[in-house]
Amino acid sequence: MSRRTGGRRGGRRGAVARTSFTAVALSAGLLLTGCSSGGGSGEPELTVDNAFMPQPVSDMAAGFLTVRNDGSGADKLTSVTSAISDDVTIHESKNQKMREVAEFDIPADGVLDLERGGNHVMFMKLKQRPKQGEKVSVELRFEKSDPITVELPVKEPTYNPAKH
Ligand code: CU
């Protein structure tokens, strides 16, 4: 009897503490969800930098860049087009293998990094092979934001900017 009462009391106290903690965690979670879904409140504000293409050594090429989102709404990179290829896709790399993905998330107030060894833009069946010093124009398309045209400077085949 006394054991049961004690257990109930302890249990109830624990439940109360846990409930208020959950409430805090939940409201924080809702806030984050509200931001990242965009839900009509926040708009993405995208800018692109660190763009480059290593000079291709075959009839395929990769492109790298950073999409920065200074807005309070998330967005997605959904496709890329370019005049140098009719077959441009977005790839992720995992365990030394790459595979096409349908989209990349661009979190609210966050960054999407396409960098060597990781995510990249993939250009297949190049119509011409751009040379170091040239520029390749690509158009990035997003779920919400207007398309952004970016000039990728062509770098040496092994180019890899230092991270900071
Ligand atoms: Cu690839």
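**Notes on a copper site, two unusual backbone angles and some salt bridges**

1. A good place to begin is H120, which counts as buried because its relative accessibility is 5%, under the 20% cut-off for that class. Please keep in mind while reading that this is a predicted model.

2. What does H120 do in the model? H120 is one of the residues that coordinate the copper ion, through its NE2 atom. The other donors are ND1 of H91, SD of M98 and SD of M122, and the distances run from 2.1 to 2.2 Å. If you have the structure open, try picking out these four residues around the ion.

3. Which geometry does the site of the copper ion have? The site is tetrahedral, with angles of 99 to 117° among the four donor atoms. That label fits because four donors count as tetrahedral if all angles lie between 85 and 135 degrees.

4. Along the sequence, the donor residues follow the spacing H-x6-M-x21-H-x1-M. M98 sits in strand β5 (residues 97-100) and H120 in strand β8 (residues 120-124), so this pair ties together parts that are 22 residues apart in sequence. Unlike the buried H120, M98 is partly exposed, at 42% relative accessibility.

5. Next, a look at the backbone. Most residues other than glycine have a negative phi. N50 is not a glycine, yet its phi is positive, at about 60°. You will find N50 in strand β1, which covers residues 46-54. With a relative accessible area of 48%, N50 is partly exposed.

6. K125 also has a positive phi without being a glycine, with a value of about 45°. Where is K125 found? Its place is the loop between β8 and β9 (135-142). Is K125 buried or exposed? K125 counts as exposed because its relative accessibility is 60%.

7. K125 is worth a second visit, since its side chain meets that of D87 in a salt bridge, at 3.8 Å from N to O. This pair links distant parts of the chain: D87 belongs to strand β4 (residues 87-94), while K125 is in the loop between β8 and β9, 38 residues apart. D87 is partly exposed, with a relative accessible area of 27%. As general background, side chains of opposite charge can pair when their charged atoms come close.

8. How many salt bridges does the model have in total? The count comes to six. Among them is the one between E92 and R99, with 2.9 Å from N to O. Its two partners fall into opposite classes: E92 counts as buried, at 11% relative accessibility, whereas R99 counts as exposed, at 52%.

9. Another salt bridge joins the side chains of E139 and R141, at 2.6 Å from N to O. Both partners are partly exposed: E139 has a relative accessible area of 23%, and R141 is at 36% relative accessibility. Elsewhere, salt bridges that share partners bring K76, E103 and D105 together in one network.

10. For a short tour of the model, you might start at the copper ion and its donors H91, M98, H120 and M122. From there, go on to N50 with its positive phi, and then to K125, which has a positive phi as well and forms a salt bridge with D87. The network of K76, E103 and D105 makes a pleasant last stop.

How values were computed
Residues numbered from 1 in each chain as written. Predicted model: local features only at pLDDT ≥ 70, side-chain atom pairs only at ≥ 80, totals over all residues. Heavy atoms only, no water. Donors = N, O, S within 2.8 Å, 3.2 Å for Na, K, Ca; no water. Tetrahedral: all angles 85-135°; square planar, octahedral: opposite > 155°, others 65-115°. Helix = DSSP H or I, 4+ residues; strand = E, 2+ residues; numbered from the N terminus. Buried < 20%, exposed > 50% of the residue type's maximum accessible area, 1.4 Å probe, protein only. Salt bridge = Lys/Arg side-chain N within 4 Å of Asp/Glu carboxyl O.
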